[in-house]
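Welcome, and please open your viewer. We will take a short walk from one selection to the next.

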Amino acid sequence: MADSKGPTLTAFVNGVALWAPRMPGWAIAGPVLRGAAIAQDQPAPRPTPSLLAPPERRRAPDTVAIALEVAARACESAGVEPKDLASVFACTQGDLAINDYMSATLASTPTLISPIRFHNSVHNAAAGYWTIGTGCLQPYTALTAYGDTFGEGLLEALVQAQAGERPTLLVAYDIEARGPLAAMQPSRGIVGAGLVVAPRPSSTTQACIRYRTVGGSERTPPLARNAELVAGNAMAACLPFFEAVATGENRMVRLGLSPALLLEVDFDFRTEHYGSSS
C-alpha cells in the first residue's frame, strides 16, 4: 500500500505521441490501446527523422530516429513550435547497439573506431540532434533511471512545466539491446513516447492530470492485450499512462520512481477542466 503522499499538483497533457513496431503512431496506437482496433500484424520499419538533413538522416541511429519521431509528433499534436519548448529526454540504456560495436572494435581493431559512431554513442545524442534539427535554443535535460526512467522523466517534465509556467516536451525511448551487453541490459524492439505537458490547458488538451509522489512499490500494470505489443522493451513502463490517455476514462495510474517511491497520476477528462488558453 502507498503511504506518505506529497503535495498534489495539476497539469495538462496537450500533446501525445507513441510509436512501437505494431503501433506506429498515435493515430494507430490510441484505438489499439483502448480496445477499439487490433495492432497491425507486420512490424513497421523504424521511422525516418525527416527534420534532419539527408546526410544526418542516413547516419542517424535508431535512438535518434525514434526520439525525433515522437518528439515531432507530440509537438504537432499540441500545436506548438518545437523550437519554443524546453525538453526532457529519457532513455533507460542509451544506444546499446553502438556501444556493442564500439566495445567489439576497441577489443579487436581500436584504430578503426568510427568517429561518427562515437559521436552517436553518448546518452544525450538524440537531444542534441533535436535541438540542431529544430533550431531550439531552449534548455534540455537528458536522464536515465533504470526501470523507472519513464516515471522519472515524466516527473521532471511536469516539474519543469510547473516551475517555468510553460509547456514542456517529454521524449522517452529505448531500442534493441545488442551483443554481450544484452545479457546485462535486455531490451527488445523500438518504443518511443512523447508528451507535451503544461500548467494550463489549450485547445489541444487531451487530459487533465493531478499528480503527487507517494511511498510504495505497487505500479499500475498495463492491460495484458497491450503489454505484449511492447514486451521486453526497456521503455514498456510507459504503457499504463498512454492507456489512460487513450481510454479517456477517469482513473489513477501509479508509475515507478524508485523501489520505494511512486508517481501517482489521477486522470480527469471532464471537459470543464479544459480551455483555449496556452
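Is Cys 208 buried or exposed? Select Cys 208 to begin: with a relative accessible area of 1%, this residue is buried. Keep in mind along the way that the model is predicted.

Next, select Cys 136. Cys 136 is buried too, with a relative accessible area of 5%. Now add Cys 75, which holds the cysteine sulfur closest to that of Cys 136. The two sulfurs are 8.7 Å apart, too far for a bond, because a disulfide needs them within 2.5 Å. The count of disulfides comes to zero.

Now colour helix H3, residues 62–78. How far apart are its end C-alpha atoms? They are 24 Å apart, which agrees with the 24 Å that 17 residues should span at 1.5 Å a residue. Of those 17 residues, 13 are buried, so H3 is largely enclosed by the rest of the structure. Step just past the helix to Gly 79, which follows H3 and has a positive phi, near 65°.

Our last stop is a cavity. There is one cavity of 30 Å³ or more, and the volume of the largest is about 50 Å³. To see its lining, select Thr 63, Val 64, Cys 91, Gly 94, Asp 95, Asn 120, Val 122, His 123, Ala 125, Ala 126 and Tyr 173. H3 and helix H6 (125–134) each supply at least two residues of this lining. Colour the lining by class, and you will find six nonpolar, four polar and one charged residues.

How values were computed. Residues numbered from 1 in each chain as written. Predicted model: local features only at pLDDT ≥ 70, side-chain atom pairs only at ≥ 80, totals over all residues. Heavy atoms only, no water. Helix = DSSP H or I, 4+ residues; strand = E, 2+ residues; numbered from the N terminus. Expected span 1.5 Å × (residues − 1). Buried < 20%, exposed > 50% of the residue type's maximum accessible area, 1.4 Å probe, protein only. 1 Å grid on protein atoms, 1.4 Å probe; cavity = no way out; pocket = protein on both sides within 12 Å on 5 of 7 lines; lining within 4 Å. Points joined across faces, edges and corners; volume = space filled by probe spheres on them. Nonpolar A, V, L, I, M, F, W, Y, C, P; charged D, E, K, R; others polar.
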